[in-house]
Amino acid sequence: MIHSVHSPQFTVLSPLAGCLSVLGSGLWTVDWRPWTADWSLVPFHFWSLVFFALGCIVGSFLNVCIYRLPLGMSIITPRSHCPYCKYSIPWYLNIPLVTWLALRGRCKNCGAPISWRYFAVELLTGVAFLSCWLAFGNAGHPLPSMPVALVYAVFLAGLIAATFIDFEHFIIPDEITFGGMAVGFAASFFVPSLHDASTLNVGLRRSFIGAIVGAATIYGILRLGKLLFGRQWVKWPRDAKIIFTETSVHLPDKEIPYDELFYRKSDVIMLHARTVELVDRGYQDVLVRLSPSALEIGEEKMNPNDVPCMEAVSTEIVLPREAMGLGDVKFMGAIGAFLGWQGVVFSLMFSSLIGAVVGVTLIVMRRREWSSRMPYGPYIALAAAVWIFGGKKLVPWLLAM
Ligand SMILES: [Zn+2]
């Protein structure tokens, strides 16, 4: 037993030194079967350190995902490298937090600045993992409590990646949403206590219900929003070039995939163009209407699939508009798979509260206009995190009111 391997002075040693002495002197005599070990001998904050360090390493990986997933790049190869000089970062320089600080946020080879985001994501993920251990861990009984802490830690890691990607690209990649749902189902099956269940299939059932309620609610809101504020006018001070490719429309300041504009057959992109150019002909001063099934230029009607590229010049365009995208539907599904339907309802209500407060604040500060688009994913993510650490405990209290 672990008892036999260290001296009685153990209690006066610092916790970390105590751990090291257990690990160092007892390697050969310790009974390593984890269920017989007396885990209370390992100081609580030894695990806190482990969780924090693990979180920083995971954060380092999330940085790779945040940069590469939206660009459709592999997250395995190539190795991390400087985007400016392609300098491949050796493993001994790839230490979370430390590297960025030691190099003062610059590439070691060419001196190009490395975004603060890398440091922020590593620290945030480290803190998230640590918080999960502090909230759900129990050093005396780590075997039952560690899985819950780890599942929530993985869940928060997904939220962090989704948040940073959504802010920058207005999408949440399927790897995170569908991947998250799969992980959520598996975790709920193996750790049913996530859903206050004691048997595997009850955990899984509650996870399924959560995913369905999550996705269905957001989908309903999306449809309703479409009916209420279905269109958006975008205007420019002078003539602007608008390019329609096979997959997206390029406006002067951004590119929007058709996936985000066309949800229904009746969705239409409309503009009055000064000139329109196709590969083989041109038009002047015509009304252009593009829907998923038809392209109308003036009187002419054609199949959009026959027109690989079109260039128009105009001062304005009318777009079908969404307050939320299908990415949010899948994202809420993934959140439901982890948190169950109560977590979904809370996340939805709390996120719209935060969204409203932030939106109005920004408008009052004149940082944004009423019509401009904001990603909604980060608010859902924040609300889901609040649910884990506090919201869940509020439910009985709210119900009692
Ligand atoms: Zn470089």
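Here are legends for close-up views of this structure, which is a predicted model.

**View 1. Helix 2 packs against helix 4.**
Two packed helices are described by the angle between their axes and the distance between the axes. Here, helix 2 covers residues 44-68 and helix 4 covers residues 116-136. They pack at an angle of about 140°, and their axes are 7 Å apart. Only angles over 145 degrees count as roughly antiparallel, so this pair is called oblique. As for handedness, helix 2 passes helix 4 in a right-handed crossing. What sort of residues make up the contact of helix 2 with helix 4? They split into 17 nonpolar, seven polar and one charged.

**View 2. Strand 1 pairs with strand 8 and with strand 2.**
Start with strand 1, residues 231-244, alongside strand 8, residues 310-320. These two run antiparallel and share 10 bridges. To get your bearings, find Ile242, which stands opposite Ala312 in strand 8. Strand 1 also pairs with strand 2, residues 248-250, again in the antiparallel sense, through two bridges. Phe244 is a handy marker here, since its bridge partner in strand 2 is Val249. How many residues lie between strand 1 and strand 2 in their hairpin? There are three.

**View 3. Strand 5 pairs with strand 4 and with strand 6.**
Strand 4 takes in residues 269-277 and strand 5 residues 282-290. The two are antiparallel and joined by eight bridges, with a hairpin of four residues linking strand 4 to strand 5. Strand 5 also pairs with strand 6, residues 295-297, antiparallel once more, over three bridges. Another hairpin, through four residues, takes strand 5 on to strand 6. Look for Leu290, a good landmark for both pairings: in strand 5 it is the bridge partner of Ile269, and Leu290 also stands opposite Leu295 in strand 6. When you follow the side chains, bear in mind that in a regular strand they alternate between the two faces of the sheet.

**View 4. Helix 8 bends at Gly340.**
Helix 8 runs over residues 326-364, 39 residues in total. A straight helix at 1.5 Å a residue would reach 57 Å, but the end C-alpha atoms of helix 8 are only 29 Å apart. Where does helix 8 bend? Look at Gly340, where the bend is about 125°. Just past the helix, check out Arg366: it follows helix 8 and has a positive phi, near 60°.

Notes
Residues are numbered from 1 along each chain as its sequence is written. This is a predicted model: local features need pLDDT of at least 70, side-chain atom pairs count only at pLDDT 80 or more; totals for chains, interfaces and linings use all residues. Axes are lines fitted to C-alpha atoms, for helices over the stretch in contact, and angles run from 0 to 180 degrees between N-to-C directions. Angles under 35 degrees count as roughly parallel, over 145 as roughly antiparallel, 65 to 115 as roughly perpendicular and the rest as oblique. A crossing is left-handed if the near helix is turned anticlockwise from the far one by less than a right angle, and right-handed if clockwise. Ala, Val, Leu, Ile, Met, Phe, Trp, Tyr, Cys and Pro count as nonpolar, Asp, Glu, Lys and Arg as charged, and the others, Gly among them, as polar. Two strands pair if DSSP finds at least two bridges between them. The expected span of a helix is 1.5 Å times one less than its number of residues. The bend at a residue is the angle between axes fitted to the seven residues ending there and the seven starting there.
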